[in-house]
Amino acid sequence: MTAVVVSGLGVEFGRHESRRSVVRDVAFSIEAGEIFGLVGPSGCGKTTVLRVLAGLNLDWAGRIEVLGATLAPHRRIVGPLRRDIQMVFQDPYASLHPRHRIRRILGEPLHVRREADVEGKVARILGEVGLPPGLAARYPHQLSGGQRQRVAIARALLQQPKLLLLDEPTSALDVSVQAGILNLLADLRERHRMTMILVSHDPGVVAHLCDRVARMERGEIVSREGG
């Protein structure tokens, strides 16, 4: 089953005379359960592609199908598909509320859905990403970079997504911590059969984790590896 199809994707930034193309004619498809990598230097457009798929950038042209649904430019992703697509950002500290304890950060979506046993579910998801349940009482600034990234991954997993978008998930971490996060992602893929798209500027990171890789330069895909 094909989980993602992107064809002729183009994105421009700016207005009028200052408008410039940042993504041009990008095309790829991803099978369900596959980890697909987009690699390239900073500014090549790979994160922009991810933000389009996440519904964070609505100004685009082309054709996109995600999990059997057709996305439309200038329209937000709503309904069950909104939960099925989750994104983990490069800087987890910026995406975690600094004045909320981890139990609140993770528990709020569950409270909104009026789910039972929120404390238990928070403890279980922390365990799933290799963190002790007692960490729920801490604030983001009391965690290491690797711990914060695991919390960010846990928050995405609580939505039970089918597609996980990962924007440079290890770039802000020490090399010794990077391996742990990559191994965690590989393990989660096996356990949940999630489809993942990993964006990175580091070829070693994508080689470690991805089934196939597309390399981007100046807004275009210039090469592919892995079939």
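This report walks through a predicted model, from its pockets and helices to its cysteines and a few unusual backbone angles.

Some ground rules come before the tour. Residues are numbered from 1 along each chain as its sequence is written, and side-chain values use heavy atoms, with hydrogens and water left out. Since this is a predicted model, local features need pLDDT of at least 70 and side-chain atom pairs count only at pLDDT 80 or more, while totals for chains, interfaces and linings use all residues.

**The largest pocket and the helices around it**

Let's start with the open space. The largest pocket has a volume of about 280 Å³. A pocket here is an open set of points on a 1 Å grid over the protein atoms alone, with protein on both sides within 12 Å along at least five of seven lines; a cavity is a set of points where a 1.4 Å probe fits but cannot get out, and lining residues have an atom within 4 Å of a point. Grid points are joined across faces, edges and corners, and a volume is the space filled by probe spheres set on the points.

The lining of that pocket takes in 14 residues, and Ile125, Glu128, Leu157, Leu158 and Gln160 lie nearest its centre. Which helix gives the largest share of the lining? That is α5 (residues 118–128), with four residues. Helices (H or I, at least four residues) and strands (E, at least two) are DSSP runs, numbered from the N terminus.

Helix α5 has its own covered side: Val118, Gly120, Val122, Ile125, Leu126 and Glu128 are buried. Buried means under 20% relative accessible area, exposed means over 50%, and partly exposed is in between (1.4 Å probe, protein chains only). The cover over those α5 residues includes α4 (102–112), α6 and α7 (175–192). In α4, the buried residues are Ile102, Ile105, Leu106, Gly107, Pro109 and Leu110, and they pack against α5 and α6.

**Gln160 and strand β6**

Back to Gln160, one of the residues nearest the pocket centre. Gln160 sits in the loop between α6 (145–157) and β7 (163–167), and it is exposed, at 61% relative accessible area. Leaving aside neighbours within four places in sequence, Gln160 is in contact (heavy atoms within 4.5 Å) with Arg83 and Asp84. Gln160 and Ile85 are 75 residues apart in sequence, yet their C-alpha atoms are 9.0 Å apart in space.

Ile85 belongs to strand β6 (residues 85–88), which is covered on both faces: Ile85 and Met87 are buried on one side, Gln86 and Val88 on the other. Strands β6 and β7 run parallel and are joined by four bridges; two strands pair if DSSP finds at least two bridges between them. Within this pairing, Gln86 stands opposite Leu164 in β7.

**Positive phi angles**

A few residues have a positive phi, listed here with their places.

| Residue | Phi | Place |
|---|---|---|
| Arg114 | about 60° | just after α4 |
| Gly130 | about 80° | just after α5 |
| Glu168 | about 50° | loop between β7 and α7 |
| Arg193 | about 55° | loop between α7 and β8 (195–200) |

Neither Glu168 nor Arg193 is a glycine. Glu168 is buried, with a relative accessible area of 7%, whereas Arg193 counts as partly exposed at 48%.

**Cysteines and an aromatic pair**

How many disulfides does a search of the whole structure find? The count is zero, where a disulfide is a pair of cysteine sulfur atoms within 2.5 Å. The sulfur of Cys44 is too far for a bond, because the closest cysteine sulfur, in Cys210, is 14 Å away. Cys44 is buried at 2% relative accessibility, and Cys210 is buried at 12%.

The structure also holds one aromatic pair. Phe28 and Phe36 form it, stacked at 5.0 Å centre to centre with 20° between the planes. Rings of Phe, Tyr and Trp (its six-membered ring) pair if their centres lie within 6.5 Å; planes under 30 degrees apart count as stacked, over 60 as edge-to-face and the rest as tilted. Both Phe28 and Phe36 are buried.

**One cavity**

Finally, there is one cavity of 30 Å³ or more. The largest cavity has a volume of about 30 Å³, and its lining includes Val52, Trp60, Leu71 and Ile77.
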